[in-house]
Amino acid sequence: MPRLRLARYGWLCAAALTASTLFYSTGGAAQGVYQSGDHQLPTLSTVSSTATSEETRLGRAWLRQFRAQAPQWQDPIVHHYLDRLVARLAPHSHINGIDTVTVMVDSPSLNAFAVPGGVIGVNAGLFAFAEDEGAFASVIAHELGHIAQRHYARGTARAEQTQIPAMAAMLAGMIIAASGAGDAGIAAAMGSQAALLQDQLTYSRRYEEEADHVGLQALAAAGYDPDAMVQMFREMQRMARLQGGTPPEFLLTHPISENRLSDTQARAAQLDVTDSRHSDTLYDMMRGRALLHIHANDPLQAVTRLRQENAEEAALDYLEALIAARNGHIDEALQTLDRLARAHPDYSALPASAAQVALETRRFEDAIERSQRLLRLMPGYLPAQLILAEAQLQRDPSAAFDLLRDIAAEHPESPQAFNLLAEAAGRSQHNGWGHLARAEYLQLTGRVDRGIRQLDIARDAAEQENDTRVLGRIEQRREAFIEYREALDKF
């Protein structure tokens, strides 16, 4: 699968998003201000909330197109960690009335992005680059700052005429990059917006300063040292110098200036941290999973990276257990994971990883028992639910069907849940539900026309089964699918 080199919006507003601030306008000044250099930046409480529904509609449509074209990193355990981190930072980022959705990109490059309506994306490479949780959280906090300030909601009529072309241009650049064209994707995204660059540049800088400000406050309030953002900036600068003419994508179009670094450092020094977080053990474990994914063909590189960068010993043991499982040493891997779970009972990722090892090695009864035990302690823990459902597909498809209906209802933006639900419904003779779940999976991954045709098949199956509940649901979803198609057609 081709690697994606992603033109990003949030962490330094690269490519089309820098050029046009991705349909975030230059106008719409807020009333309250604070001083920062030569700019007057809006205070957090003055940002308009009137565009929330439109932002959400556009953001979700963009995400569906993105899923259809860009390679995804499917790891429910890491994804849950990311969701929890976003949930920890979001209340301190002044996000009101916006439900966040995260997506993980199968790319080793350093990148993260934010899209209006609460979409947060990260590359696997961000885990590889950020050596501790504070550094990683600083990137997420910055992205949340862009969403919290609702730059789109502060738009002008002029921006409304360019927002969809800008959004489509960024998506096109990403698609080109995902096909293996590398920096050509960034060039394509920027080229289509070059005419807007000059008069947007000042506002792009303003938005970056705003996101830095919000991110620093969120870090401190969530218990992270805000200086982690300063250190992350410094590491990016060092990386750019080392790479010479081929720095990371975001630095190609929006380099970190000394003024920005100095401003961030000064603001960080003024913030107090309460309820400070110190342990990086869980983050090191998630980072180990990311490094193992990136270095799948040479797992020892992942171990070397963690060891050289002073990862916690428990994280090294965890990574070596995952590698042992891949090498067929299943009992050894499970014993290590069980030992780590006893030593770190608060880390649900450990028993979930053991259950996943059992599932992947076709020890279905063990996977079921382990995931059920974990769910008794943590009801609703999505990685364990998905592992249990996959294992039950092999032993009790009806039980899997019942569980997956609950999961899909609780996580309506999860393509994996609907994909599994379609399989479970088919195996348990719920054909109407199966085709409906398949339709949902198709629309979530940007193939709405196929999803609508799948709804017709679902209707026929439900009529044969005389399932009035499914028939009613199908008609409701048809209207929603048509709205999705109208939004997607704009791109």
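**Annotated sites, helix packing and loop residues in a predicted model**

Apart from neighbours within four places in sequence, Ile-452 contacts Arg-478, Phe-481, Ile-482 and Arg-485 (contact: heavy atoms within 4.5 Å). The structure is a predicted model, in which local features need pLDDT of at least 70, side-chain atom pairs count only at pLDDT 80 or more, and totals for chains, interfaces and linings use all residues. Residues are numbered from 1 along each chain as its sequence is written, and side-chain values use heavy atoms, with hydrogens and water left out.

Ile-452 lies in helix α23, residues 448-465. Helices are DSSP runs (H or I, at least four residues), numbered from the N terminus. The relative accessibility of Ile-452 is 12%, so the residue counts as buried. Buried means under 20% relative accessible area, exposed means over 50%, and partly exposed is in between (1.4 Å probe, protein chains only). Ile-452 and Arg-485 stand 33 residues apart along the chain. Their C-alpha atoms are separated by 9.4 Å.

Two packed helices are described by the angle between their axes and the distance between the axes. Axes are lines fitted to C-alpha atoms, for helices over the stretch in contact, and angles run from 0 to 180 degrees between N-to-C directions. Helix α23 packs against helix α24 (residues 468-489) at about 170 degrees, with the axes 10 Å apart. The pair is therefore roughly antiparallel. Angles over 145 degrees count as roughly antiparallel, under 35 as roughly parallel, 65 to 115 as roughly perpendicular, and the rest as oblique. On the α23 side, the contact includes Val-448, Ile-452, Leu-455, Arg-459 and Glu-463. On the α24 side, contributors include Val-470, Ile-474, Arg-478, Phe-481 and Leu-488. By class, the contact of α23 with α24 holds twelve nonpolar, one polar and eight charged residues. Here Ala, Val, Leu, Ile, Met, Phe, Trp, Tyr, Cys and Pro count as nonpolar, Asp, Glu, Lys and Arg as charged, and the others, Gly among them, as polar.

Asn-466 sits in the loop between α23 and α24. Its phi is near 55 degrees, a positive value in a residue other than glycine. Asn-466 counts as exposed because its relative accessibility is 61%. Arg-362 also has a positive phi, of about 65 degrees, although it is not a glycine. This arginine is found in the loop between α17 (349-360) and α18 (364-377). With a relative accessible area of 58%, Arg-362 is exposed.

A second helix pair is formed by α20 (residues 397-410) and α21 (residues 415-427). Their axes come within 8 Å and cross at roughly 150 degrees. Helix α20 is therefore roughly antiparallel to α21. The contact of α20 with α21 has twelve nonpolar, no polar and two charged residues. Among the participants in α20 are Pro-397, Phe-401, Leu-404 and Arg-405. Those in α21 include Phe-418, Leu-420, Leu-421 and Arg-427. The crossing of α20 and α21 is left-handed, meaning that the near helix is turned anticlockwise from the far one by less than a right angle (right-handed if clockwise).

Leu-334 lies in helix α16, residues 330-343. At 5% relative accessibility, this leucine counts as buried. Leaving aside neighbours within four places in sequence, Leu-334 touches Ala-354, Val-357, Arg-363, Asp-366 and Arg-370. Leu-334 and Ala-354 are 20 residues apart in sequence, with a C-alpha to C-alpha distance of 5.8 Å.

The UniProt record, an unreviewed entry, places an "active site" at Glu-143 and Asp-212. These two positions are spread over 70 residues of sequence but cluster in space, with a largest C-alpha distance of 8.9 Å. UniProt positions follow the numbering used here, feature names are shortened, and annotations may be inferred rather than shown by experiment. Glu-143 belongs to helix α5, residues 133-148. Its relative accessible area is 0%, so Glu-143 is buried. Asp-212 belongs to helix α9, residues 194-221. Asp-212 is also buried, at 3%. Beyond four places in sequence, Asp-212 is in contact with His-142, Met-229, Phe-233, Arg-260 and Thr-264.

The same unreviewed entry lists His-142, His-146 and Glu-208 under "binding site". These residues span 67 residues of sequence yet cluster in space, the largest C-alpha distance being 8.5 Å. His-146 is found in helix α5. This histidine is buried, with a relative accessible area of 0%.

Conventions: Helix = DSSP H or I, 4+ residues; strand = E, 2+ residues; numbered from the N terminus.
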